[in-house]
Amino acid sequence: MTLDQQIVTVLAAGAATILTRALPFLVFPASRPVPGLIRYLGRALPGAIFALLVVYCLREVNILAPSEVIPQVAGLATATALFLWRRDMLIAIFGSTAVYLILVNLVFVS
Amino acid sequence: MDRIKTVVLPALVAAFPLTIPILAGFVLTGMTCGVFAVLLGLPWWVPSFMAVAIFAGSAEFLVASMLVGAYDPVSAFVTILIVNARHLFYGLSLLERFRRIGAKRFYVIYALCDETFSIEYASRPPQGVDDGWFMFWISLLNQFYWVLGCTLGALFGAVLPVQIEGISFAMTALFMVIFLDQWTREASHAVALAGFAASVAALAVFGADTFIVPALVLILVVAVAMRRWVEPACAATDLDGAEAISNGGAGAGDGTCSPCVRSHDVQDQVEARDEPSGTGSSTGAKGRSEEFARAASDPAYEEER
């Protein structure tokens, strides 16, 4: 991407974010009730969307190549174990990223 | 000048202590985001620019990774729209209050990230302090911490001697952890599991470059179709949480909404709220978010306060 294209992409993402924050004020004047379906989706969707984002991060992993799969699985297992143990997002992220970096750079060197 | 002394400064004094838990979390997570973006090969100013133009943690990680790929602003717009769709529910909860604060609402709406929302929703200014300036300062202080963290991280990342192979795993770990956090708080995992299956199916059918928008559509359709089974399960296990609209949570501004928060978990979280939160990018804000989840679910709760 060129510099201009990067700026346009960031601004597009910014516009989308502002839209999600401002839309209720545009759509629901005064105290018009919020439909039940909308409230249900607000509760039900986030788990599914973060599952999608994990899959998105893994989209280019070649599942037939152990040197790619093993570091990813080990990293995700570390993140899961650390988070369930300490309930601290930063510890889980830094710890699992360290495990992944070590595996990719020192063990499965291509 | 009198107005500054009698209105603006008292609101700042009232707002600042509430933002202290966010200070540590935002600076640390912002630095992670800044280092991440620069190590992907982006210019040093991109993280700061995103912190102003987007100001939503998980979205900024995602956009940073998109910036090193193919140019596709429409896909970026749609993806971020759906990733940040939870913000819709924050605005819904603050409709009336924001209407009363005049032009300051334009900034406060723009800066309505998860943590800012959870503080503003759960707190009221002390008597005699202007609510508009109170919320304005909470928003501005939090955004300042985030911009500061992103900028520091970018400058730090820029002076690291080498590109580190595999640093993008930090984003995978971030989303995994948010997913787990969500998982431990939901009474029904049905939609989360269906979302995972739908994502894998879309990846298999459409391939790595174009699967995300079809996956989002599929998730939406599946979630709507599952409503009649999922919603009674939530209501049965969780009397309080059944009406909870949403809540915030993760450090980088990734709120997560729980499809029915279990009421005892909410209680635990509320009680844990005042404990020191370690590095807690998330824990400080989470207590308030959970409190919000309870407040939203139980109108009497807010009146008690």
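How many salt bridges does the structure hold over all chains? In this predicted model, the count comes to 3.

One of them joins B:Asp131 to B:Arg97, with the closest N and O atoms 2.8 Å apart. Since B:Asp131 sits in helix 9 (residues 131-159) of chain B and B:Arg97 in helix 6 of chain B, this pair ties together parts that lie 34 residues apart in sequence. Both B:Asp131 and B:Arg97 are buried.

Helix 6 (residues 95-99) of chain B also holds B:Arg99 and B:Glu96, 3 residues apart and so about one helical turn from each other. Their side chains meet in a salt bridge at 3.3 Å, N to O. Here the partners are partly exposed: B:Arg99 has a relative accessible area of 33%, and B:Glu96 has 39%.

Then there is B:Arg185, whose side chain meets that of B:Asp181 at 3.0 Å, N to O. These two residues lie in helix 10 of chain B, 4 residues apart, or about one turn, and both are buried.

What about the place where the chains meet? Between chain B and chain A, no salt bridges turn up, though 9 residue pairs are in polar contact. Helix 10 (residues 169-185) of chain B gives the largest share of the side that touches chain A, with 15 residues. By class, that side of chain B has 71 nonpolar, 24 polar and 12 charged residues. The buried area is about 7,600 Å², with carbon and sulfur atoms giving 77% of it.

For a close-up from chain A, take A:Thr97 in helix 4 (residues 89-107). Sequence neighbours within four places aside, A:Thr97 contacts B:Phe169, B:Ala170 and B:Ala173. With 7% relative accessibility, A:Thr97 counts as buried.

How values were computed
Residues numbered from 1 in each chain as written. Chains lettered and ligands numbered in written order. Predicted model: local features only at pLDDT ≥ 70, side-chain atom pairs only at ≥ 80, totals over all residues. Heavy atoms only, no water. Buried < 20%, exposed > 50% of the residue type's maximum accessible area, 1.4 Å probe, protein only. Contact = heavy atoms within 4.5 Å. Buried area = accessible area lost by both parts, 1.4 Å probe. Salt bridge = Lys/Arg side-chain N within 4 Å of Asp/Glu carboxyl O. Polar contact = N/O pair within 3.5 Å; in protein donor to acceptor, adjacent residues only side chain to side chain. Nonpolar A, V, L, I, M, F, W, Y, C, P; charged D, E, K, R; others polar.
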